[in-house]
Every structure is written in structure tokens, then in C-alpha cells.
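Q: Please take a close look at one part of this model. I would like to know which side chains are hidden there, what they pack against, and how the neighbouring parts fit in.

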Amino acid sequence: MTKRGAGVSFIAISAFFISSKYISAAIYGSNQVSWNIELFSGLLGIVGDTLTHLSILAFVIGVAYIIWGEYEEWHFRKGKSTE
């Protein structure tokens, strides 16, 4: 797998973590009679911040891999054009 592919994979994992947080809160509150933003914010607090932190970490790693792959491609092309 190339570095760009790994970067896109990490960004997809990041999106999965964020969606898991919101889906977990929605499932946890599914037996509520009425919904409002304060209730959902409370449910997100119950789920916790672990998924958010993991999502941010995966996103940063993904962006770093994409930048690394692009830099290597640029460096490779630069070396080829001078010869």
C-alpha cells in the first residue's frame, strides 16, 4: 500500500470513529420520548471523548501520510527532471 493509500485509510478510520460516537449516543438515547439538543449533548457526554481523540489522532496521521507521499513523489519527480 502506498503512503497516500494509507493516509486515505486513516482518514476513513477517523470518519468511522466520529460517526461511531454519534451513533452510540443516538442508540443510547433511543428510548427517550422527546429529543432536544441539550439531551443529545448530555448523551454525547456520557459516550465520552475517547472516540473524538482517536478520530483526531487518526486524521492527523492520515494527513501526515498523504503529505509524506506527496513530498516523496515531488522529490522523485524533481530528481528525474534534472537528469
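A: In this predicted model, helix α2 has three buried residues: Phe40, Leu43 and Leu44. They span an arc of only 100° around the axis, so they sit on the same side of α2. The spacing fits a general rule. An α-helix has 3.6 residues a turn, so residues three or four places apart point the same way. The other side of α2 carries exposed residues, namely Glu38, Gly45 and Ile46.

What do the buried residues of α2 pack against? Their partner is α1. Helix α1 covers residues 3-28, and helix α2 covers residues 37-47.

Now the geometry. Two packed helices are described by the angle between their axes and the distance between the axes. For α1 and α2 the angle is about 115°, and the axes lie 9 Å apart. The two helices are therefore roughly perpendicular to each other. Their crossing is right-handed.

Next, the residues that meet. From α1 come Lys21, Tyr22, Ser24, Ala25, Ala26 and Tyr28. From α2 come Phe40, Leu43, Leu44, Ile46 and Val47. By type, the residues of this contact are 9 nonpolar, 1 polar and 1 charged. Ile46 deserves a second look. Ile46 is exposed, and Ile46 is also listed in the contact with α1.

Just past the helix comes a glycine. Gly48 follows α2, and its phi is positive, near 100°.

Lys21 links several of these pieces. Lys21 belongs to helix α1. Is Lys21 buried or exposed? Lys21 is buried: its relative accessible area is 9%, and the cut-off for buried is under 20%. Setting aside neighbours within four places in sequence, Lys21 touches Leu44, Val47, Gly48, Asp49, Leu51 and Thr52. Among them, Leu44 is one of the buried residues of α2, and Gly48 is the residue with the positive phi.

Further along α1, the partner changes. Ser14 also has its place in helix α1. Ser14 is buried, with a relative accessible area of 6%. Apart from neighbours within four places in sequence, Ser14 is in contact with Ser55, Ala58 and Phe59.

Take Ala58 from that list. Ala58 lies in helix α3, which covers residues 50-82. At 6% relative accessibility, Ala58 counts as buried. Neighbours within four places in sequence aside, Ala58 contacts Phe10, Ile11, Ile13 and Ser14. Tyr22, which takes part in the contact of α1 with α2, is another matter. Ala58 and Tyr22 are 17 Å apart, C-alpha to C-alpha, with their places 36 residues apart in sequence.

Ile61 is found in α3 too. Ile61 is partly exposed, with a relative accessible area of 30%. The C-alpha atoms of Ile61 and Ile11 are separated by 8.1 Å, although the two residues are 50 residues apart along the chain. Ile11 is also one of the contacts of Ala58.

To sum up, α2 keeps Phe40, Leu43 and Leu44 buried and packs them against α1. On its other side, Glu38, Gly45 and Ile46 are exposed. Within α1, Lys21 touches Leu44, and Ser14 touches Ala58.

Conventions: Residues numbered from 1 in each chain as written. Predicted model: local features only at pLDDT ≥ 70, side-chain atom pairs only at ≥ 80, totals over all residues. Heavy atoms only, no water. Axes fitted to C-alpha atoms, helices over the stretch in contact; angles between N-to-C directions. Helix = DSSP H or I, 4+ residues; strand = E, 2+ residues; numbered from the N terminus. Parallel < 35°, antiparallel > 145°, perpendicular 65-115°, else oblique. Left-handed = near helix turned anticlockwise from the far one by under 90°. Contact = heavy atoms within 4.5 Å. Nonpolar A, V, L, I, M, F, W, Y, C, P; charged D, E, K, R; others polar. Buried < 20%, exposed > 50% of the residue type's maximum accessible area, 1.4 Å probe, protein only. Arc of directions from axis to C-beta.
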